[in-house]
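Please open the model in your viewer and keep the sequence panel beside it. The stops below each give a selection to make and then say what is found there.

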Amino acid sequence: MDSKRRPIHGGISRNPNSTSKPAMAFHFLRALSHIRLTTRRGSSLARRTLRIRRAAYASMACSAGTRRAWSRALLRKLRSPAPRRGASVLPRRAARTTSSPDTDLRQALALRRLVPGGAAMEHCELLEETADYIRCLNAQVWLMQAVVHGLGDLSN
Amino acid sequence: MSSRRSRSRQSSSSRITDEQIIDLMSKLQAVLPEARLARNDRVSAARVLQETCSHIRSLHREVDDLGERLSELLATTDISSAQAAVIRSLLM
């Protein structure tokens with residue numbers, strides 16, 4: 001059962017923003033717990049770190065659900081068995097018609113690589129999705145800091 | 001903004017107005033931290049995009065670093081009481 005598919009509409013208000021902290025915390029903590037339970041003795045720190053990082057992006061994408069293009073792209077990427085490297089390097093031709101000249105274009109291209117699904121977006125969509133993606137990243141960082149803080153307190 | 005001229009020349013299928021672009025740019029500026037760009041300053045589109053890329057990269061790095069710290073902590077902490085403590089701290 002893919003528990004990630006369960007939509008959690010943490011937004012009781014009609015806030016279009018995707019930063020639902022309770023939903024994010026729920027997903028992330030559950031993933032952490034699972035990682036902890038399934039970590040074998042002597043398994044490498046690197047492997048665990050990779051799983052945690054994956055869980056972080058998964059909880060971000062799950063909290064935003066399918067409402068956002070970036071979260072849909074992230075969910076697709078996380079669920080596909082073989083990650084395609086460099087798939088979103090170049091923007092598609094259609095998107096280019098709404099892009100801006102020279103220096104803006106360079107930056108816009110860089111941005112497309114950074115935002116999940118950015119390669120296929122129109123320029124305006126890219127800007128909007130970016131703002132939301134940043135908000136969500138902020139929330140995820142806040143959450144992880146809180147968890148580190150919480151766990152850190154315990155170890156002391 | 002120099003970009004304004006070329007945008008109005010291009011005929012895109014979705015009628016994007018300059019106002020929309022400006023509006024979206026300012027919204028983007030609003031989510032960037034004050035240290036990068038003063039919120040009320042009129043800065044060039046290129047600058048906003050540049051700072052945005054920079055900010056996203058640093059956020060990605062933070063997620064990576066925090067992930068590593070969590071990985072270390074998970075190995076050494078009793079998770080059941082940890083979860084309770086974390087949930088408590090998140091709810092306060």
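Begin by selecting T49(A) in this predicted model, and show the residues around it: leaving aside residues up to four places away in sequence, T49(A) touches G67(B), E68(B) and S71(B). If you then colour by secondary structure, you will find T49(A) in helix α2 of chain A, which takes in residues 45-64. Is T49(A) buried or exposed? With a relative accessible area of 13%, T49(A) is buried, because buried means under 20%.

Next, widen the selection to residues 27-80 of chain A, where UniProt, in an unreviewed entry, places the feature "domain: IBH1-like N-terminal". This span is 78% helix and 0% strand, and the C-alpha atoms at its two ends lie 19 Å apart.

Now move along chain A to L126(A), which is found in helix α6, residues 123-155. L126(A) is buried, with a relative accessible area of 0%, and, not counting residues up to four places away in sequence, its contacts are A108(A), L111(A), R112(A), G118(A) and M121(A). To set L126(A) against another point of the chain, add L29(A) to the selection and draw a distance between the two C-alpha atoms, which are 30 Å apart in space, while the two residues are 97 apart in sequence.

From here, hide chain A and look at chain B as a whole, which has 4 helices and 0 strands, following the pattern α-α-α-α when read along the sequence. Chain B has 92 residues, of which 39% count as buried, and about 5,500 Å² of chain B is exposed, with carbon and sulfur atoms supplying 47% of that area. If you display contacts in chain B between residues at least 6 apart in sequence, 16% of them join residues at least 24 apart.

For the last stop, select helix α2 of chain B, residues 18-31, whose 14 residues should span 20 Å at 1.5 Å a residue, and whose end C-alpha atoms are indeed 20 Å apart, in agreement with that expectation. Within this helix, show the side chains of I21(B), L24(B), M25(B), L28(B), Q29(B) and V31(B), which are buried. Where do they sit around the axis of α2(B)? They cover an arc of only 160 degrees, so they lie on the same side of the helix. An α-helix has 3.6 residues a turn, and therefore residues three or four places apart point the same way.

Technical notes. Residues are numbered from 1 along each chain as its sequence is written. Chains are lettered from A and ligands numbered from 1 in the order in which they are written. This is a predicted model: local features need pLDDT of at least 70, side-chain atom pairs count only at pLDDT 80 or more; totals for chains, interfaces and linings use all residues. Side-chain values use heavy atoms; hydrogens and water are left out. Buried means under 20% relative accessible area, exposed over 50%, partly exposed in between (1.4 Å probe, protein chains only). Contact means heavy atoms within 4.5 Å. Accessible areas come from the Shrake-Rupley method with a 1.4 Å probe; for residues, only the protein chains shown count as cover. UniProt positions are given in the numbering used here, feature names are shortened, and annotations may be inferred rather than shown by experiment. The expected span of a helix is 1.5 Å times one less than its number of residues. The arc is that of the directions from the helix axis to the C-beta atoms.
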